[in-house]
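The following exercises ask you to read a structure step by step, beginning with confidence and ending with a ligand site. Try each task before turning to its solution.

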Amino acid sequence: MNIDAHESALSTTAERQVVTMDAGATPSEDWVIVTRGIRRDYDMGGEIVHALRGVDVAIKRNEYVAIMGPSGSGKSTLMNVIGCLDTPTAGEYWLNGMLVSSKDDDELARVRNREIGFVFQTFNLLPRATALHNVELPLVYAGVPSAERKQRAMQALERVQLADRMDHRPNELSGGQRQRVAIARALVNTPAILLADEPTGNLDSGTSQEIMRVFEGLAEQGQTVIMVTHEADIAAHARRVVVLRDGRIASDTRREAFAAQIAG
Amino acid sequence: MPLSEAIRLALQQIRVQKLKSFFTLLGVTIGVMFLITVVSIVEGMSKYMEEDFVGKLMGINTFEVRRFPSINIGNTTDEQWREWTRRPFISESDARAISAVLPPGTLWAANTFATDVPIESEYAKQRKLMVFAVDGDYFEIKKMEIANGRPLASQEMATGALSVVLGEEVARHFFPNVDPVGRAITIAGTRYTVVGVAEKQGSVFGFSLDKFVVGPLHSPLRRVTHRPGFTSTSVGTLAIQSPTAAMMSESMEQTRATMRSRHKLRPAQADDFDMSTSKSALAFWDKIKGYMQLAGVALPAISLVVGAMIIMNIMLVAVAERTHEIGIRKALGARRRDIMNQFLTESATLSTVGAGIGVAIGIAASKIIAATSPLPAAIAPWSIAAGVLTGTVVGIIAGIYPASRAARLDPILAIRQE
Ligand SMILES: Nc1ncnc2c1ncn2[C@@H]1O[C@H](COP(=O)(O)OP(=O)(O)O)[C@@H](O)[C@H]1O
Ligand SMILES: [Mg+2]
């Protein structure tokens, strides 16, 4: 099962077309994410680290994509760029038909708020705030009035079966519950994409399964999900697997083919 | 983020770290406390000086003619002093001459006084008090109401009757539990009859205004108030009250001209007498007030600058400690201005709370000072508003640098910091 050998072989013609269009060409509506030649260099005191060396990827609405690759291959860097937490050194990033790679700080903050739900490995909840308040936060910055905020935050907590824990603070919750609060927070503003960077990395295997079922359920309901993982069995839940190596896409595989590979 | 949310967060922060907040707020609290206290003392003294001092000691539309000024600020040179002592005393004939030229309706009163005059009655042992020997419209000009009995009649003034009016405290001392009116009181060995007791006058700077005895100038009291150099018609002060404020300056000019001609002064010579109004009596107060207001600004200003620096430092520490939180907020969509506002609100709220505590302590301190010392205090409502507002402004200024540091943090680097 040598995944890396299949260099982008399985990405569709349509994908190849949209990523290789002329720079500046707006992708059609089907594409929620299109990157063209994304590079991200870090200047480490004179020495340049090339975290991404030209990533072309196109993701359609409702896709469930797993990103894999060895440690240091640029998975988190790519997620940060896609999540608008970071801006690429070069290349184009189109999100929902918007060219976000040229946006400034505050515009990116707005995009993060409206279009993106981010789930981190380390949960990143506010320690002193209740589960409900943590989930409300994106709505606070969206300017949603407090009564509606509360109601929507409760609904989001219900989606992850945590409505009964809304008054608990993170230190009163288990790891799995914390991650579910984080997922509710990521979903509360109905984002275009749900990003998760190794969301089960800090959880035991039983809890990991539980969290994966949450993501799967969301994907089934039509939520676009992009998830970084280094575990093949977790990646197996996704319908598409993108493998990074040294800041480049080493392979991009559909579920059927991936399953076949594991089997054969 | 809405303001109410930011304020709630800031108050939560104060509750969580009570001790730290206490030290953070100390500078602003002390600054505002000084502001309130100094302002209320200045206000209190102003009120005293401008209402009580003028009203009780001098009277409205009134000016006084004296040999030389009774209230001085600053040093008097030896030469000045020698010139003063060479001046003639004011006399009863001056009073008559002046009242003759002034318009009808003008009141006048002449008086001399002595302190430490031995007084006794049948009911209490001897006590040394201040005694005034007066003539003219003394009670009207002083606006001295008589609570019990009557004032001295003009007949008594003219004949120098052995009648006196007592201050409220004097009456209480010499006639405990008996009505003083009609009873005898012995002043410097002479028996007088009490005809009235003045209404309570209160105090100025802790000095009671109710310890006095007033009798006719032409009675034997005049001998008691005799000063070296006095002739048989000399008086200490001549007070003149115009019927209206508008007539006062002209009356003063006429008085000056009359006095100068009586003293046979040539045009080049300066006045050899003093004329003062309540305004000129207050000139010295204006000077003191100026210094106090300066202190009222300088003391709080120093504390507030120190307070602002403490708050700025604490806020920088808060930004460093909460970098992770800032990262989370930015990742979830907080813009620079949201983070900026959060920390500005926090620092302004912190500082305003400090200022509020300062206002409370300042009010308490003013009341304590007023109650335990002769210094009066009147809390100025504007100073409370100014104190609280100052706190808010100091907080905002102190918060700008830390808040902008927080706002500029990179979300990824910030969120990695635990
Ligand atoms: N902020 C940064 N500064 C410098 N180098 C970085 C930074 N973030 C990531 N890198 C480097 O970029 C490369 C890719 O990192 P990352 O995207 O975190 O990999 P992965 O998530 O796949 O483990 C690594 O070599 C890493 O050291
Ligand atoms: Mg990573």
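**Exercise 1.** Establish what mean pLDDT chain A has in this predicted model, and where in chain A pLDDT stays under 50.

*Solution.* Begin with the chain averages: chain A of this predicted model has a mean pLDDT of 90, with 92% of its residues at 70 or more, while for chain B the mean is 88 and 95% of the residues reach 70 or more. Next, look for the weak stretch in chain A, which is residues 1-10, where pLDDT stays under 50 and for which the model has 25 contacts beyond four places in sequence. Finally, turn to the complex, to which the predictor assigns an ipTM of 0.92 and a pTM of 0.72.

**Exercise 2.** Describe how chain B is divided into domains, and state how far apart the C-alpha centres of these domains lie.

*Solution.* First take the bounds: domain 1 of chain B is made up of 3-52 together with 285-416, and domain 2 covers 88-272. Then take the distance between the C-alpha centres of domain 1 and domain 2 of chain B, which is 54 Å.

**Exercise 3.** Determine which residues surround ligand 1, and explain why the site is shared between chains.

*Solution.* Start with the shell, in which 13 residues surround ligand 1, the closest being G72(A), G74(A), K75(A), S76(A) and T77(A). Because the surrounding residues come from both chain A and chain B, the site is shared between chains. By class, the shell contains five nonpolar, six polar and two charged residues. In terms of secondary structure, β1 (31-44), β2 (47-60) and α2 (75-82) of chain A each provide at least two shell residues, and α2(A) gives the largest share, namely three residues.

**Exercise 4.** Find which atoms of G72(A), S73(A) and S76(A) lie at short range from an oxygen atom of ligand 1, using a cut-off of 3.5 Å for N or O pairs.

*Solution.* Consider the backbone first: a backbone N or O atom of G72(A) lies 2.8 Å from a ligand 1 oxygen, and one of S73(A) lies 3.3 Å from an oxygen atom of ligand 1. For S76(A), by contrast, a polar side-chain atom lies 2.8 Å from an oxygen atom of ligand 1. As a last step, consider the surface of ligand 1, which taken alone exposes 550 Å², of which the protein buries 71%.

Terms used. Residues numbered from 1 in each chain as written. Chains lettered and ligands numbered in written order. Predicted model: local features only at pLDDT ≥ 70, side-chain atom pairs only at ≥ 80, totals over all residues. Heavy atoms only, no water. Domains from an automatic or database assignment. Near = heavy atom within 4 Å. Polar contact = N/O pair within 3.5 Å; in protein donor to acceptor, adjacent residues only side chain to side chain. Areas by Shrake-Rupley, 256 points an atom, 1.4 Å probe, with all protein chains shown as cover. Helix = DSSP H or I, 4+ residues; strand = E, 2+ residues; numbered from the N terminus. Nonpolar A, V, L, I, M, F, W, Y, C, P; charged D, E, K, R; others polar. pLDDT = per-residue confidence, 0-100. Contact = heavy atoms within 4.5 Å.
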